[in-house]
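Visitor: I have the sequence and the model open side by side, and I would love a careful tour of one part of it. Could you start with the overall picture and then take me in closely?

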Amino acid sequence: MSAEPLFSIKRKLISMSAVLSSILVLGSLFYVYKETRHEINEVYDARLGQSAKTLALALMSWGDAPLDSLNDTYRQWLTLIERSAVSDDSPTPMGHPYEQNLLFQYLVGGKVLVKSPNAPDTFIGEPDYSGFSIKLVDGHKWRTFQMPLKTVSQQQTGTVLVAERVGIRNELIDEVSLSIGLPQLILIPILILLIIVLINRSFRPISELRAVIADRSINNLERVVVSHPTTELDPLVNQLNFLFAEVENAWRREKRLIRTAAHELKTPLAVLRLDTENALMTLDESQRQDDLKRILAGIERTDRVIQQLLMLSRVEQQKSIMLTPLDAVEIARESIANLVPMALKNKQTISLSGEDSVAVNGHQVMLPILMTNLIDNAIRYAGEGAQIDVEVTRVSEGKVLLTVTDSGEAMREEVRSRLFEKFYRGNSEKGDGAGLGMSIVKDIADLHGATIVVEAPVENDKGNRFSVQFPLA
């Protein structure tokens, strides 16, 4: 299954913001154009209606003046406007040249009696119609308003029609819309440019973080620092620093493990090689047997060192473990059973006392390692013929106490104070490990929330006692 192609969040954010802004601006332009057209049509229609009513009142109260004089008078007014106007857009004392785009007709008895000079001789409306409509005159659309004139007795005496070219309205609508819309159209690229600038500035901490992370390697795991921290990036930076610290610790542990393994195994392997060469070269059978015994002891020591190093690596990798209720007495019994052959070899006796069964919250792998290391340490250092007592009891405040007591020589104060340090060997002449057994016990106790102490001497300036106190399950 192929991986999905990568995409740029910044580019996508810019594109979406630009498109959305453009849609909003164009949408507002369309709304402005629609509302402008609606309002202008309303104003112009109202003016047409008012003009028709004004004209009707004038015709009704004109008096006895002949109708031809009315047409001549209106024609003279328009002629004066044309002569005095500088352009189509300039007003004059007699009116405005745009009046050429307006016309009126007065219909009586099916005949147009009075009209504007630019109006056709034939009536452009419908005799029995009243209201607004659109008419086509000489290829141009006109917006017309037609109103019948009636007497008090509701008898129709004539019809007044006023009209305005539709193009005048459209021109005004376009000019108003353009004057409002052009700044907004210019605003779109400016807005997009501002969006790009702001998003680039907002993404600057991310770019900086990417550059800082790209500079990190296994040889450079320094803490990540961003000069412009943000609320969104701060948890990520903290987590990265935590992970870098974990990787650095793991890397240090690995280098230390390799260095220690090389140091601890170098001497035993050299001794094994020398003893093997002696065994091959000697002709004395008893000497050969001594060499083979030393080879076997060297293999056992090397195996113990390897086991301790692997155990240390495993324990140090555990930052937290899942604890379940376990029977501490049963685990102690199994640990003793596994180590009895070693104790018998040293002519030692081991006893288990205390509760028949008591539960503690423990890890099913780590807890047996803790007990085995404590008992193994007592067997190795207590000396031949020593007595080793293991006791598991309930104590006050809901605690479980595990004690391992031996009758061997009491540890010196300086040894006891450094006993739980890694790679510290207080009695190197007796033990054959790498100085990791007690540090492993201390780490496992910490993972279980337990406390461990060592007492020496126990009685008559002799003996050692290790006490581990667990929370009760």
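Visitor: Among contacts in the protein chain between residues at least 6 apart in sequence, what percentage join residues at least 24 apart? After that, please take a close look at the salt bridges, and at which residues form them.

Guide: Happy to. A word on the ground rules: this is a predicted model, where local features need pLDDT of at least 70 and side-chain atom pairs count only at pLDDT 80 or more, while totals for chains, interfaces and linings use all residues. Residues are numbered from 1 along each chain as its sequence is written, and side-chain values use heavy atoms, with hydrogens and water left out.

To your question: 63% of the contacts between residues at least 6 apart in sequence join residues at least 24 apart, a contact being heavy atoms within 4.5 Å. The protein chain holds 10 helices and 12 strands; these are DSSP runs, numbered from the N terminus, with helices being H or I over at least four residues and strands being E over at least two. Of its 473 residues, 37% are buried, where buried means under 20% relative accessible area, exposed means over 50%, and partly exposed lies in between (1.4 Å probe, protein chains only). The chain exposes about 28,600 Å², with carbon and sulfur atoms supplying 57% of that area. These accessible areas come from the Shrake-Rupley method with a 1.4 Å probe, and for residues only the protein chains shown count as cover.

Now for the salt bridges. Side chains of opposite charge can pair when their charged atoms come close. The rule used here asks for a side-chain nitrogen of Lys or Arg within 4 Å of a carboxyl oxygen of Asp or Glu, and by that rule there are 11 salt bridges. Let me show you some of them.

Begin in helix α5, which covers residues 234–281. Arg273 pairs with Glu277 there, and their closest N and O atoms are 3.5 Å apart. The two residues sit 4 apart in the helix, so about one helical turn separates them. Arg273 is exposed, at 60% relative accessibility, whereas Glu277 is partly exposed, at 34%.

Helix α10 (residues 437–447) offers another pair with that spacing: Asp446 and Lys442 are 4 residues apart, or about one helical turn. Their closest N and O atoms come to 3.1 Å. Asp446 is partly exposed, with a relative accessible area of 43%, and Lys442 is partly exposed too, at 28%.

For a pair on strands, turn to Glu455 and Arg465, which form a salt bridge with the closest N and O atoms 3.8 Å apart. This pair links distant parts of the chain, as Glu455 belongs to strand β11 (residues 451–455) and Arg465 to strand β12 (residues 462–471), with their positions 10 residues apart. Glu455 is partly exposed at 37% relative accessibility, and so is Arg465 at 26%.

For contrast, look at a polar side chain that is buried: Gln146, with a relative accessible area of 2%. Gln146 is part of strand β4, residues 140–150. A polar atom of its side chain lies 2.9 Å from the backbone oxygen of Tyr129. That fits the polar contact rule: a pair of N or O atoms within 3.5 Å, where within protein one must be able to donate a hydrogen and the other to accept it, and residues adjacent in sequence count only if both atoms are side-chain atoms. Leaving aside residues up to four places away in sequence, Gln146 touches several others, among them Phe123, Pro127, Tyr129, Thr159 and Leu161.

Just ahead of that strand, in the loop between β3 (131–137) and β4, you will find Asp138. Asp138 is exposed, with a relative accessible area of 73%. Its phi is near 50 degrees, a positive value in a residue other than glycine. Most residues other than glycine have a negative phi. Lys347 also has a positive phi, near 60 degrees, and it lies in the loop between α7 and β7 (349–354). At 59% relative accessibility, Lys347 is exposed.
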